[in-house]
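User: Hi! I'd like to go through this model with you and ask how each label is justified.

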Amino acid sequence: MPHDTSLIGTIVAGLGVAFLMGALAHRLRISPIAGYLLAGVLVGPFTPGFVADTGLALQLAEIGVILLMFGVGLHFSLKDLLSVRKIAVPGAILQIAVATALGMMLGMWLGWSVEGSAVFGLALSVASTVVLLRALQARDMVETEKGRIAVGWLIVEDLVMVLALVLLPAMFGSRGDEGGSAGLLQSAAIVMVKVVGFVAFMFVIARRVLPWVLHWVAHSGSRELFRLAVLAIALGVAFGAAVIFDVSFALGAFFAGMILGETQLSRRAAEETLPLRDAFAVLFFVSVGMLFDPKVLIEQPGPVLATVAIIVVGKSVAAYALVRAFGHNSGTALTVSVSLAQIGEFSFILAGLGVGLKVLPETGRDLILAGSLLSILFNPILFSLAVKRMRSDEPEAVEEEEGVDAPAPCNAGVVLIGYGRVGSHIGSLICGRGEGLTVIEDQKDMAAAAREAGATVIIGDATKESVLRQAGLDTASTLLIAIPEGVEAGAIVRRARAINPKLVIVARAHSDEEVADLVRRGADHVVMAERETASRMAERAMLTLA
């Protein structure tokens, strides 16, 4: 019986080859993103062998963008967004103007029309949602001032692109020919009304309905229904925002996440969407690679280099200067400028629309795709260099960015990692006896609870050696690992044992495999909840039988 396997083949090929290339990149100590992009080139239409469905890959990538922006919204409050409006709005608009002007200069130098050059420049001005957020999340910067400015900047860029995508057909399509300037103004007015209507709908109606739905599902006790509700809200709001209000999927998902982020279930919602978020984000990078034709590097090396220079150098310098002009330090300016030194999904959409309207030549689309792939490939390297520069130039600011309470290492005898359900019980028992305790936690609400209980708190990623040393692990007597993630716990045990060979390490596990892995990595004692529960229940049974 024949089957249509385009979707299955695309997913299998995309994820399978991405895994192999990502593993190779990790082995070579370069960013896995490079491997994902190369995987897309290998399964794309411009290389021999299996060819995945490019259209399906792009749609799957859109799901990744939706889930990623939804996750960011869960950790991003309206207060955070409004706090950066004075720099994000004018900064993003001016940076778009500078990048568009540079792109227009290159396009006109290549002999294109003014209109085509303008579309080309506009496509070079907007950063990729996935790349920017991946870079910030990898360095725990989303909830910092630098991260808030970068995300706010990105949202303004998205709004400008939404406006551009509606105005381009009005200017160069049949509507533009018939309506002239009046039709253009009418289209612009309709776009603004729809955006305002979407924002009003989200904050007046959805702000009441969505949290109520999520709380109702949570009280049902079904984890499966809760996960389904979160995904339905994220994807449903994003799709509805695009169909009804003509705003982007990413913007709709961000607002949905921001509204649910005000509820007590935001952390759980973020955890439930994380696996799908990561998988579909990988498909985004694969889809970028599939669009890339390597021949453009050989046939047009000069224009390709000029395009990459505008994205990586011109746009970054403009953003850096603007952030500094608004009174922020060099560390913040460097973070924002490097975050924006790439282009992505909106650029592809603009390029496709420009070619479809016969405004942008196909050569321009090829240059945009080449610039996107190369800038995404270079971005993790630039980000790493920027972080090293910030650490050397502004050591105090970096320590604050990592979330460390004090620059001097702590001296507590007991270090606890994780202050969730299990960790909070451990902490209350230790602090209740008046003993010194240092807690490492990456969630601000849980860190605040640990601080209220009397513990010294470090907000940071416990898998990082610098954070463990800041907790005073080299002089501590005991390390308690209360986080439920076995892979992260294993990495922590290995680094902790290297820092302090005499340390007593007690970890938490959920399976026999995790127990064996933690012991192999250096844990002295591993507690598995199921075993402890069985032992206590058996003891109670024996007492009743005695």
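**Reading the labels**

Analyst: Gladly! Right after helix 10 comes Asp-246, whose phi is positive, near 60°. Please keep in mind that this is a predicted model.

User: How do you know that the span of helix 10 agrees with its number of residues?

Analyst: Helix 10 covers residues 223–245, which makes 23 residues. The expected span is 1.5 Å times one less than the number of residues, and for helix 10 that gives 33 Å. The C-alpha atoms at its ends are 32 Å apart, so the two values agree. Buried residues in helix 10 include Phe-226, Leu-231, Ile-233, Val-237 and Phe-245.

User: What makes helix 15 largely enclosed by the rest of the structure?

Analyst: Buried means under 20% relative accessible area. Nine of the 10 residues of helix 15 (residues 330–339) are buried, so the helix is largely enclosed. Among them are Gly-331, Thr-332, Leu-334, Val-336 and Ser-339.

User: And why is Asn-329 said to cap the N-terminal end of helix 15?

Analyst: A side-chain oxygen of Asn-329 lies 3.2 Å from the backbone nitrogen of Gly-331. A polar contact needs a pair of N or O atoms within 3.5 Å, and the 3.2 Å of the Asn-329 cap fits that limit.

User: How is the packing of helix 14 against helix 15 described?

Analyst: Two packed helices are described by the angle between their axes and the distance between the axes. For helix 14 (residues 301–325) and helix 15, the axes come within 8 Å and cross at roughly 150°. The crossing is right-handed. On the helix 14 side, Ser-316, Ala-319, Tyr-320, Val-323 and Arg-324 take part, and they meet residues of helix 15 including Ser-330, Ala-333 and Ser-337. By class, this contact has six nonpolar, four polar and one charged residues.

User: Which handedness does the crossing of helix 3 and helix 12 have?

Analyst: That crossing is left-handed. The axes of helix 3 (residues 54–74) and helix 12 (residues 266–291) come within 7 Å and cross at roughly 145°. Sorted by class, the contact between helix 3 and helix 12 has 19 nonpolar, six polar and one charged residues.

User: Let's stay with helix 3. Why is Ile-66 called buried?

Analyst: The residue sits in helix 3. Its relative accessible area is 6%, and the limit for buried is under 20%, so Ile-66 is buried. Beyond its neighbours within four places in sequence, Ile-66 is in contact with Ala-234, Leu-235, Ala-238, Phe-249 and Ala-253. The C-alpha atoms of Ile-66 and Val-130 are 9.5 Å apart, with their positions 64 residues apart in sequence.

User: Does Gln-95 count as buried or exposed, and why?

Analyst: Gln-95 counts as buried, because its relative accessibility is 0% and buried means under 20%. Its place is in helix 5 (residues 85–109).

User: Which side chain does Gln-95 join in a polar contact?

Analyst: The partner is Trp-153, at 2.9 Å from side chain to side chain, and a polar contact has to be within 3.5 Å. Gln-95 also touches Ser-125, Glu-157, Lys-315 and Leu-340, among others.

User: What about Ile-87: why is it called buried?

Analyst: Ile-87 is in helix 5 too. With a relative accessible area of 5%, set against the limit of under 20%, Ile-87 is buried. Ile-87 touches Ile-149, Trp-153 and His-328, among others. Ile-87 and His-328 are 241 residues apart in sequence, yet 9.6 Å apart in space, C-alpha to C-alpha.

User: And what makes Thr-10 buried?

Analyst: Thr-10, in helix 1 (residues 6–27), has 4% relative accessibility, and being under 20% it therefore counts as buried. A polar atom of its side chain lies 3.2 Å from the backbone nitrogen of Asp-53. The residues Thr-10 touches include Ala-52, Leu-56 and Leu-60.

User: Why, by contrast, is Lys-358 called exposed?

Analyst: Exposed means over 50% relative accessible area, and Lys-358 is at 76%, so it counts as exposed. Lys-358 is found in the loop between helix 16 and helix 17, and its phi is positive, near 60°, in a residue other than glycine.

Definitions and conventions: Residues are numbered from 1 along each chain as its sequence is written. This is a predicted model: local features need pLDDT of at least 70, side-chain atom pairs count only at pLDDT 80 or more; totals for chains, interfaces and linings use all residues. Side-chain values use heavy atoms; hydrogens and water are left out. Axes are lines fitted to C-alpha atoms, for helices over the stretch in contact, and angles run from 0 to 180 degrees between N-to-C directions. Helices (H or I, at least four residues) and strands (E, at least two) are DSSP runs, numbered from the N terminus. A crossing is left-handed if the near helix is turned anticlockwise from the far one by less than a right angle, and right-handed if clockwise. Ala, Val, Leu, Ile, Met, Phe, Trp, Tyr, Cys and Pro count as nonpolar, Asp, Glu, Lys and Arg as charged, and the others, Gly among them, as polar. Buried means under 20% relative accessible area, exposed over 50%, partly exposed in between (1.4 Å probe, protein chains only). A polar contact is a pair of N or O atoms within 3.5 Å; within protein, one must be able to donate a hydrogen and the other to accept it, and residues adjacent in sequence count only if both atoms are side-chain atoms. Contact means heavy atoms within 4.5 Å.
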